[in-house]
Amino acid sequence: MFVAYEMMYGSREAFKYFECSQCGTVQILTVPPADELARHYPDDYYSFSAPSGSWLKTYLQSERDKALLHRPTLVGSIVAGAKPDSLLTMIGGLPITIDSAILDVGCGSGALLDRLGAAGFRNLHGADAFINADITTQHGARIAKASLDSVAGQFDLIMFHHSLEHVPDPRETLSVARSKLNPGGHCVVRVPTVSSLAWQEYGIDWFQLDAPRHITLPSREGMRIAGEAASFELVRTIDDSIPQQFEISESYRAGVPLRGASKPFEITPEQKRAFAYKTDRANASSLGDQAAFIFKAI
């Protein structure tokens with residue numbers, strides 16, 4: 001058992017965590033009550049922010065997304081070749097069409113769903129218990145202020161993009177997701193993982209520990225076990241960690257929070273290059289600090 005501290009906003013509140021002796025998954029000892037957890041998701045929490053950018057950036061992103069989702073335009077194909085996007089490439093590799101029913105759980109403002117809508121998908125749904133009210137995005141995705149178990153309907157694809165680590169019982173949540181999938185449907189779970197170089201090197205200063213918002217930090221083996229318990233087959237794992245796993249962890253090790261610091265933590269250009277190289281090596285060795293676990297319903 002060990003103590004981790006809230007560092008994103010710098011409150012340094014202490015929370016006890018423990019490590020599973022069988023699979024290495026790390027979990028908070030006592031899940032805070034719902035109203036207490038809600039306090040740690042203020043209005044400026046990153047996933048609640050609506051996407052922003054110039055019309056040109058938005059246009060180029062949309063055209064690239066179409067190319068990566070098998071609806072290419074000339075401009076999109078050029079942009080996709082010059083500046084690929086691993087997340088949309090991963091989604092584009094799934095057996096879905098523009099009419100597939102897609103649900104994104106814990107989606108915040110629905111930025112990813114809106115990108116799919118802009119690329120032509122038209123059966124898009126989201127659920128997030130921490131948003132202030134229901135949302136309909138610019139391109140028609142419907143986001144409900146709700147937990148997964150209260151979402152009606154059946155889906156071809158259910159996604160958890162950095163949301164499953166926020167729920168008290170990931171196995172039960174995956175079982176609920178399985179019950180809402182059509183035959184042959186897929187579930188994509190993107191989560192931080194303790195089976196990583198960053199966790200080995202930084203321990204409680206690893207920024208993706210993110211107490212108390214991250215309730216469960218699975219190991220790769222723990223993620224497989226949880227999926228199988230929910231009647232899923234793990235068909236692929238894709239490491240997609242980014243250099244912030246080292247940059248922000250260095251900041252936390254120095255005692256500097258991500259938000260509200262009197263003086264921002266500085267990373268030198270040399271460190272940035274070194275951390276980018278280190279990230280590429282970690283991902284290639286299945287030691288990145290986050291990964292996409294692609295499950296198929298069985």
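Four strands of this chain make an open sheet, in the order 1-2-3-10, with antiparallel pairing. Strand 1 (2-5) and strand 10 (216-217) are the edge strands, and each of these pairs on one side only. I should say at once that this is a predicted model, and every value I quote is computed from it.

Staying with that sheet for a moment, strand 1 is joined to strand 2, residues 14-19, by four bridges, and the two run antiparallel. One residue to keep in mind is Ala4, whose bridge partner in strand 2 is Phe15. Ala4 will come back when I get to the cavity.

Now the chain as a whole. There are ten helices and twelve strands. The C-alpha atoms fill a box of roughly 45 × 45 × 40 Å along the principal axes. Is that what a globule would give? Put better: what radius of gyration does the chain have, and what would a compact globule have? For 298 residues the expectation for a compact globule is near 19 Å, and the chain has 19 Å, so the two agree.

Next, the other sheet. Eight strands form an open sheet with mixed pairing, and the order is 6-7-5-4-8-9-12-11. At its edges are strand 6 (135-136) and strand 11 (232-239), each paired on one side only. Inside that order, strand 8, residues 155-161, and strand 9, residues 181-192, run parallel and are joined by six bridges. As an example from this pair, Phe160 has Val189 as its bridge partner in strand 9.

A helix packs here as well. Helix 5, residues 111-118, lies across strand 4 (102-105), strand 5 (124-127), strand 7 (142-144) and strand 8. Relative to strand 5, helix 5 runs at about 175 degrees.

On to the spaces. How many cavities of 30 Å³ or more does the structure hold? One. The largest cavity contains about 50 Å³ of space. Its lining is Ala4, Tyr5, Met7, Met8, Ile204, Trp206, Phe207, Leu209, Asp210, Ala211 and Tyr252. So here is Ala4 again, the residue that pairs with Phe15 in strand 2. By class, the lining of the largest cavity has ten nonpolar residues, no polar ones and one charged.

Two of those lining residues, Asp210 and Ala211, sit in a stretch with unusual backbone. In general, most residues other than glycine have a negative phi, and most peptide bonds are trans. Asp210 is not a glycine, yet has a positive phi of about 45 degrees. The peptide bond from Ala211 to Pro212 is cis, with omega near -5 degrees. Where is Asp210 found? In the loop between helix 7 and strand 10. Pro212 is in the loop between helix 7 (197-202) and strand 10 too.

Last, a pocket. The second largest pocket has a volume of about 330 Å³. Its lining has 17 residues, and the closest to the centre are Cys23, Thr25, Arg171, Thr216 and Gly222. Two elements give two or more residues to that lining: helix 6 (170-179) and helix 8 (220-229). Which element gives the largest share? Helix 8, with four residues. By class, the pocket lining divides into ten nonpolar, five polar and two charged residues.

That is the end of the tour.

Definitions and conventions
Residues are numbered from 1 along each chain as its sequence is written. This is a predicted model: local features need pLDDT of at least 70, side-chain atom pairs count only at pLDDT 80 or more; totals for chains, interfaces and linings use all residues. Side-chain values use heavy atoms; hydrogens and water are left out. On a 1 Å grid over the protein atoms alone, a cavity is a set of points where a 1.4 Å probe fits but cannot get out, and a pocket is an open set with protein on both sides within 12 Å along at least five of seven lines; lining residues have an atom within 4 Å of a point. Grid points are joined across faces, edges and corners, and a volume is the space filled by probe spheres set on the points. Ala, Val, Leu, Ile, Met, Phe, Trp, Tyr, Cys and Pro count as nonpolar, Asp, Glu, Lys and Arg as charged, and the others, Gly among them, as polar. Two strands pair if DSSP finds at least two bridges between them. Contact means heavy atoms within 4.5 Å. Axes are lines fitted to C-alpha atoms, for helices over the stretch in contact, and angles run from 0 to 180 degrees between N-to-C directions. The radius of gyration is taken over C-alpha atoms; the globule rule is 2.2 Å times the number of residues to the power 0.38.
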